[in-house]
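Student: I should like to examine how the structural terms applied to this model are justified. May we begin with a polar contact?

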Amino acid sequence: MKIKLLTYLLLLGSWSYGFAYTLTTDTVKHQKTKSVKNPATRKLTIQELEKMHKPWFDNCTFTNQYTLGQRLKKYPFSKAAKILAVSFRCLNVPDAPSMQDSLKKGLLSAKAKKLRGGLHIVKDSLDYVTLQEFKQLKQDQINQLTNIIYNTNYRKTGFNTIEGASCYDPRNAFVFFDKKGKVYDYLEICFACQHYASKSDRLDVGVVCTQKYDMLRKYFINIGVTYGTIKNMKRN
């Protein structure tokens, strides 16, 4: 009887030791496999970003970020029934009061209007008299334009510094018409100083990487609108 009891106690002790050992090893294993989170990355200062920046980061690259369908659904292309690429003389100085009165009364001749310069939209209608050239964009040309605007970005994102000149003497524009033939927006472009302006704040040239304006300049030339796109041209 004593031998059986002794044997039972020995077996019980052995089982208890094994169970304790298993708990210990599992806990150690669990502790070893626990992941350690990295500390949050420190935000770089502008000075540090400037030191890291390389000139070629500002170069343009084709991203293919948006499909043709996605691009055409973006404003202003989603609403356009017709798009014109146009050129016109730059408006050097504000109109004199006498010229403004004559313009309102319709007394200016076609020649005087053309020499006056500028892009003029009167009651949502385009004044063609002031234009030097105009071309209606075909569908493949619209597709190409959306690629330049939406799918042309910086070669490397980060601290990018592209700036234009302080002047603004636009001679080219894209004019957008709705189904009723009304102008609902336009995008003026000044290639001499690399700036743009639009009727609304919803329209721009996209990311202004280094070659963006030159790409748009060549685009105008390729579709047959050359006035205002030639480098080193005279003021008017």
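Tutor: The side chains of E188 and Y168 are joined by a polar contact of 2.9 Å. The model is predicted, so local features need pLDDT of at least 70, side-chain atom pairs count only at pLDDT 80 or more, and totals for chains, interfaces and linings use all residues. Residues are numbered from 1 along each chain as its sequence is written, and side-chain values use heavy atoms, with hydrogens and water left out.

Student: What makes the link between the side chains of E188 and Y168 a polar contact?

Tutor: The term requires a pair of N or O atoms within 3.5 Å; within protein, one must be able to donate a hydrogen and the other to accept it, and residues adjacent in sequence count only if both atoms are side-chain atoms. The E188 and Y168 side chains, at 2.9 Å, are therefore within the limit of 3.5 Å.

Student: Why is E188 called buried?

Tutor: Buried means under 20% relative accessible area, exposed over 50%, and partly exposed in between (1.4 Å probe, protein chains only). E188 has a relative accessible area of 12% and therefore counts as buried.

Student: Which residues are in contact with E188, leaving aside its neighbours within four places in sequence?

Tutor: Contact means heavy atoms within 4.5 Å. Among the residues in contact with E188 are F88, L119, P170, H195 and Y196.

Student: How do you know that C60 and C209 form a disulfide?

Tutor: A disulfide is a pair of cysteine sulfur atoms within 2.5 Å. The S to S distance of C60 and C209 is 2.0 Å, so the pair satisfies the definition. The link is right-handed, with 100 degrees about the S-S bond. Both C60 and C209 are buried.

Student: Why is C90 not bonded to C190?

Tutor: C190 holds the cysteine sulfur closest to that of C90, but the distance is 8.3 Å, which is too far for a bond. C90 is buried at 2% relative accessibility, and C190 is buried with a relative accessible area of 0%.

Student: What makes a set of residues a nonpolar core?

Tutor: The members must be buried Ala, Val, Leu, Ile, Met, Phe, Trp, Tyr and Cys residues joined through side-chain atoms within 4.5 Å. The largest such core has 24 residues, and those with the most contacts inside it are F77, L137, L145, F174 and I189. Beyond its neighbours up to four places away in sequence, F174 touches residues including L137, L145 and I189. In soluble globular proteins, nonpolar side chains tend to be buried together.
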